[in-house]
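Trainee: I'd like a close look at one part of this structure. Could you walk me through it once it's up on the screen?

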Amino acid sequence: MRQGFTLIEMLLVLSIMILLGSFVIPNIKRFQTRSYQMASEVNARTFQSAVENYYIEASTYPSGSLSAGDLYDALKADDSLNSCPLNPYTKAPYASTDTKGKILYVGAVDDYTITLYDQAGQGVQLTLHKI
């Protein structure tokens, strides 16, 4: 009696693995993209909470049109936000030069809007307003 696998058995196992892999690999990319989107939304809400904390302390919202990096600098000065969240697309703290997943803040004395853009930096993924 011979031990081991025949060529047919090995080819059958290999073809099953390839078939299963063809279902899994496209879904991994989709799940990764969705996780980046969700992380970006969490970051936008983190900025929103920090802006509300800033308002509690200063009785005004930060004024102007600011990128997430500039907004962090304004909030850091008031201790409303201790560290800048990482942009999930760049794996670095938000900066004014971000295009992927950028967050823009537009504020006045008594109102603000935080806009989160998609991975391409073109479409609006989420818009947050004064609570």
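What is the order of the four strands in the open sheet, and what kind of pairing do they have?

Mentor: Keep in mind that we're looking at a predicted model. Going across the open sheet, the strands run β1-β4-β5-β6, and the pairing is antiparallel. At the edges sit β1, residues 64-67, and β6, residues 124-129, and each of these pairs on one side only. From one strand to the next, the twist averages 15°.

Now take the β6 end. Its partner there is β5, residues 112-117, and the two strands pair in the antiparallel sense over five bridges. If you want a spot to anchor your eye, find Thr115: it stands opposite Thr127 in β6.

Next, add the helices. Helix α1, residues 7-58, packs on the sheet and touches β4 (103-107), β5 and β6. The direction of α1 makes about 165° with that of β5. Helix α2, residues 68-77, packs on the sheet as well, but its contacts are with β1 and β4. Here the direction of α2 makes about 110° with that of β1. So β4 is touched by α1 and also by α2.

Last stop, the other edge. Ser67 is found in strand β1. Its relative accessible area is 9%, which is under the 20% cut-off, so Ser67 counts as buried. Leaving aside residues up to four places away in sequence, Ser67 touches Ala95, Ser96, Ile103 and Leu104.

Methods:
Residues numbered from 1 in each chain as written. Predicted model: local features only at pLDDT ≥ 70, side-chain atom pairs only at ≥ 80, totals over all residues. Heavy atoms only, no water. Pairing = 2+ DSSP bridges. Axes fitted to C-alpha atoms, helices over the stretch in contact; angles between N-to-C directions. Contact = heavy atoms within 4.5 Å. Buried < 20%, exposed > 50% of the residue type's maximum accessible area, 1.4 Å probe, protein only.
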